[in-house]
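Trainee: Hi! Could you walk me through a structure today?
Mentor: Gladly, let's have a look together.

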Amino acid sequence: MPGKFCVNLTHSKDDTDRATVGFVLANAAQASGKETLVFLSIEGVRLANKGGAESIHEDGFPPLRELMDNFAKAGGMIYVCSPCFKKRKLDENNLVAGASIVGGAKLVEFLSDGSPCVSF
Amino acid sequence: MKDAGNADVVWDAADLACGVLLLKLRGRMEGMRAGQVLRLVAQDAGAPEDVPAWCRLTGHALLSAEPPVYLIRRKEG
């Protein structure tokens, strides 16, 4: 049962619960054979820099760093909102595995054939 | 049909849940040959719904589901 799945994640250290559960769901989609994209926008873009998830560890869940690493190792993709990233003056030469900085057209292209998308 | 006593691979996932469980489960299945059977023990309360759904999504055959024990046969390819 092929197909795509998108998780739109808008939080990082400002809401560690949302950030964590977003990647847990992304891992479930990737593990289920979906071509899975996490779109990081707003405060979520802070997770795109190495170290951005370092201190995030919700009770009952693995550390966010581990969730993100496993997602990337399983072939998951991470798109990072370019203007959100630039606004926060983050380092484009220090991206985590699987992440690439994109404009809105890349997200629209991914979603354009009817991919579901959930937001956290 | 294989039963719990003669599965090819046994994995106790303890209380792993949701995406963490499924990603590790996928890894286990990828390490098996087509036709081999995994005996999974998953204690999470969501597993009785999640494991069958995952099998439907991925095409692996759920031979039996008697929570917390699941027998899954690896698909071809």
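Trainee: What is the strand order in the open sheet of chain A?
Mentor: The order is β4-β3-β2-β1-β5, 5 strands with parallel pairing. Strands are DSSP runs of E with at least two residues, helices are runs of H or I with at least four, and both are numbered from the N terminus. Two strands pair if DSSP finds at least two bridges between them. Keep in mind that this is a predicted model: local features need pLDDT of at least 70, side-chain atom pairs count only at pLDDT 80 or more, and totals for chains, interfaces and linings use all residues. Residues are numbered from 1 along each chain as its sequence is written, while chains are lettered from A and ligands numbered from 1 in the order in which they are written.

Trainee: Which strands sit at the edges?
Mentor: β4 (99-102) and β5 (117-119) of chain A, each pairing on one side only. From one strand to the next, the twist averages 25°.

Trainee: How many bridges join β3 to β4 in chain A?
Mentor: There are 4 bridges between β3 (residues 77-81) and β4, and the two strands run parallel. Cys81(A) stands opposite Val102(A) of β4(A).

Trainee: New topic: how do the axes of α1(A) and α1(B) cross?
Mentor: Helix α1 of chain A (residues 16-31) and helix α1 of chain B (residues 18-30) have axes that come within 7 Å and cross at roughly 30°. Axes are lines fitted to C-alpha atoms, for helices over the stretch in contact, and angles run from 0 to 180 degrees between N-to-C directions. The two helices are therefore roughly parallel to each other (angles under 35 degrees count as roughly parallel, over 145 as roughly antiparallel, 65 to 115 as roughly perpendicular and the rest as oblique).

Trainee: Which residues make that contact?
Mentor: Among them are Val24(A) and Leu25(A) of α1(A), and Leu22(B) and Arg26(B) of α1(B). Residues are in contact if their C-beta atoms, placed from the backbone, lie within 7 Å.

Trainee: How many residues of chain B are in contact with chain A?
Mentor: 10 residues of chain B are in contact with 13 residues of chain A. α1(B) gives the most to that side of chain B, with 7 residues.

Trainee: And what does the model score?
Mentor: Its ipTM is 0.72 and its pTM is 0.87. For chain B, the mean pLDDT (the predictor's confidence in each residue, from 0 to 100) is 92, and 94% of its residues reach 70 or more.

Definitions and conventions
Contact = placed C-beta atoms within 7 Å.
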